[in-house]
Amino acid sequence: MAIDYSQKIPNNVNLADDRTLQRALEQWQPNFITWWDDVGPENSTNNEVYLRTATSVDPQGWAHFDYVKMRDYRWGIFLNPADAERKIDFGDHKGEKAWQDVPGEHRANLRRIIVTQGDTEPASVEQQRHLGLTAPSLYDLRNLFQVNVEEGRHLWAMVYLLQKFFGRDGREEAAALLERTSGDANNPRILGAFNEKTPDWLAFFMFTYFTDRDGKFQLAALAESAFDPLARTTRFMLTEEAHHMFVGESGVSRVLQRTAQVMNELKTDDPALVRAAGAIDLGTIQRYLNFHYSVTIDLFGADQSSNAATFYSSGLKGRYEEGKRVDDHVLKGQTYKVLEVQNGQLAEKEVPMLNALNEVLRDDFIKDSVAGVGRWNKVLEKAGIATRLVVPHKAFNRKIGALAGIRMSPEGRVVSEEEWKQKEKEWLPSPGDFAFVASLMRAVLEPGKFAAWIAPPAMGINKNPVEFEYVRFG
Ligand SMILES: [Fe+2]
Ligand SMILES: [Fe+2]
């Protein structure tokens, strides 16, 4: 399924035959470019970036790499190929044909789901907008920009659904996606983690590892949707999400590699000495991990939610890898264990599984996250360093759901407010940590050179050498 690049808006949905949609998108497009110029990557207008552009939506369609100025990136509408026979795999409509249009009774919920997903896409671009000024290498700068343009395209994907299927409401929602701004006091982004700052590259790598992985799980659940255009759109977005998580996982790995090297050279695990040598001490990395992990697991929502049950039973949002599960895919009468606070302590409680589907998705996410942290620990192990990174307890630093009402240490001990205040600096990044990491952030723009706090990658992009000129400055 090739994408038609001869059109003003590249697409594989026959946009030329849909005048109403074309008009709506063409009206929205200049506002998108203005948004990109205003709050997209700072000071990047003249950069020529070695970017990957999707030219088709089949698995080989990713091969197109070339220098592009980002505002000329071929944003557009790309859906996975349709399967005319596709059936709904779960919920009350299981076995019926997938919907090509929005059923009236599910219109409000579907719109809300699409707007909530769509809102995260421009938000992350805004959060990351200053990072290009302090990139540790051209290789990393290019990866940041690749993530940014793809999040821009994810916004297009959600705007397409809103404008094509939700009429005037959809057009208003599409406009509002460019009006909210990450961290804005008056008109913030919808979800908490997307209003946090991404102040430095360690935060960026943690964000792309954890928060883009939330994206993966949300998109995977929506890729099961009975509303077929949503399923096909999100299925294609997942191919891009994989690269974002790669940037995070390999980024943190390289930071660890460099830290371990410095620790071995100096034969020390004293954070002050590691810092003095220009590397990031393991304690700081652990605290960043604690923060990004806890903020990200809040994104899955309340552990018990009647909305989650409705979304599933009505076929709007499935589970991660619905097709691989061996239950009845209806889930009525089934239960799931969630945690709740009883007399200041955590206790397990069995609740109807349908109501616990946010928790089910969060637990799937946790399993996936932990696996990558294990791969980070291999870097330390290989270097002969005894320290290991660990993901904090699920109830640590939560702001949403039943666990928000408790203070928990990273290892899972209920603590008093007083102890929390005392230990917070050991558990979450302190102003001092941020200031130290910020002091390391300086742009390194010579091809093949890397900042002293991060190791070079094992290989370059698209079989190019690591010292390739991934960004040219105009
Ligand atoms: Fe995205
Ligand atoms: Fe992403």
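Here are some notes on the two iron sites, the pocket, the cavity and one helix of this predicted model.

1. Let me start with the iron ion (ligand 1). Its protein donors are Glu121 (OE), Glu151 (OE) and His154 (ND1), which lie 2.0 to 2.2 Å from the ion. Along the sequence, these donor residues follow the spacing E-x29-E-x2-H. Glu121 sits in helix α2 (residues 107-127) and Glu151 in helix α3 (residues 138-165), so that pair links distant parts of the chain, 30 residues apart. Both Glu121 and Glu151 are buried.

2. The iron ion (ligand 2) is held by Glu151 (OE), Asp212 (OD), Glu241 (OE) and His244 (ND1), at 1.8 to 2.2 Å. For this ion, the donor residues are spaced E-x60-D-x28-E-x2-H in sequence. Asp212 belongs to helix α5 (residues 201-222) and His244 to helix α6 (residues 228-266), so the pair ties together parts that are 32 residues apart in sequence.

3. You may wonder about the geometry at the iron ion (ligand 2). The four donor atoms there subtend angles of 90 to 174°, which makes the arrangement irregular. The cut-off helps here: four donors count as tetrahedral if all angles lie between 85 and 135 degrees, and the angles at this ion run up to 174°. Please keep in mind that water is not among the atoms, so sites may look incomplete.

4. Which residue bridges the two iron ions? Glu151 does, coordinating both the iron ion (ligand 1) and the iron ion (ligand 2). The two ions are 3.5 Å apart.

5. A word on burial around the iron ion (ligand 2). Asp212 has a relative accessibility of 5% and so counts as buried, the limit being under 20% relative accessible area. His244 is buried too, with a relative accessible area of 0%.

6. Next, the largest pocket. The space in it comes to about 780 Å³. Its lining consists of 41 residues, and those nearest its centre are Thr116, Gln218, Leu299, Phe300 and Lys317. Two or more lining residues come from each of α2, α5, α9 (306-313) and α10 (357-382). By class, the lining of this pocket divides into 17 nonpolar, 13 polar and 11 charged residues.

7. How many cavities of 30 Å³ or more are there? The count comes to one. The largest cavity has a volume of about 70 Å³. Among the residues lining this cavity are Gln127, Glu196, Lys197, Phe207, Thr211, Phe291 and His292. The elements giving two or more residues to its lining are α5 and α8 (282-297), with α8 providing the largest share, four residues. The lining of the largest cavity has four nonpolar, five polar and two charged residues.

8. Finally, helix α11 (residues 417-427) is worth a look on your screen. Glu419, Trp420 and Trp427 are buried in this helix. These three cover an arc of only 95° around the axis, which puts them on the same side of α11. On the other side of α11, the exposed residues are Glu418, Lys421, Gln422 and Lys425. As background, an α-helix has 3.6 residues a turn, so residues three or four places apart point the same way.

How values were computed. Residues are numbered from 1 along each chain as its sequence is written. Chains are lettered from A and ligands numbered from 1 in the order in which they are written. This is a predicted model: local features need pLDDT of at least 70, side-chain atom pairs count only at pLDDT 80 or more; totals for chains, interfaces and linings use all residues. Side-chain values use heavy atoms; hydrogens and water are left out. Donors are N, O and S atoms within 2.8 Å of the metal (3.2 Å for Na, K and Ca); water is not among the atoms, so sites may look incomplete. Four donors count as tetrahedral if all angles lie between 85 and 135 degrees; four count as square planar and six as octahedral if opposite donors are over 155 degrees apart and all others between 65 and 115; anything else is irregular. Buried means under 20% relative accessible area, exposed over 50%, partly exposed in between (1.4 Å probe, protein chains only). On a 1 Å grid over the protein atoms alone, a cavity is a set of points where a 1.4 Å probe fits but cannot get out, and a pocket is an open set with protein on both sides within 12 Å along at least five of seven lines; lining residues have an atom within 4 Å of a point. Grid points are joined across faces, edges and corners, and a volume is the space filled by probe spheres set on the points. Ala, Val, Leu, Ile, Met, Phe, Trp, Tyr, Cys and Pro count as nonpolar, Asp, Glu, Lys and Arg as charged, and the others, Gly among them, as polar. The arc is that of the directions from the helix axis to the C-beta atoms.
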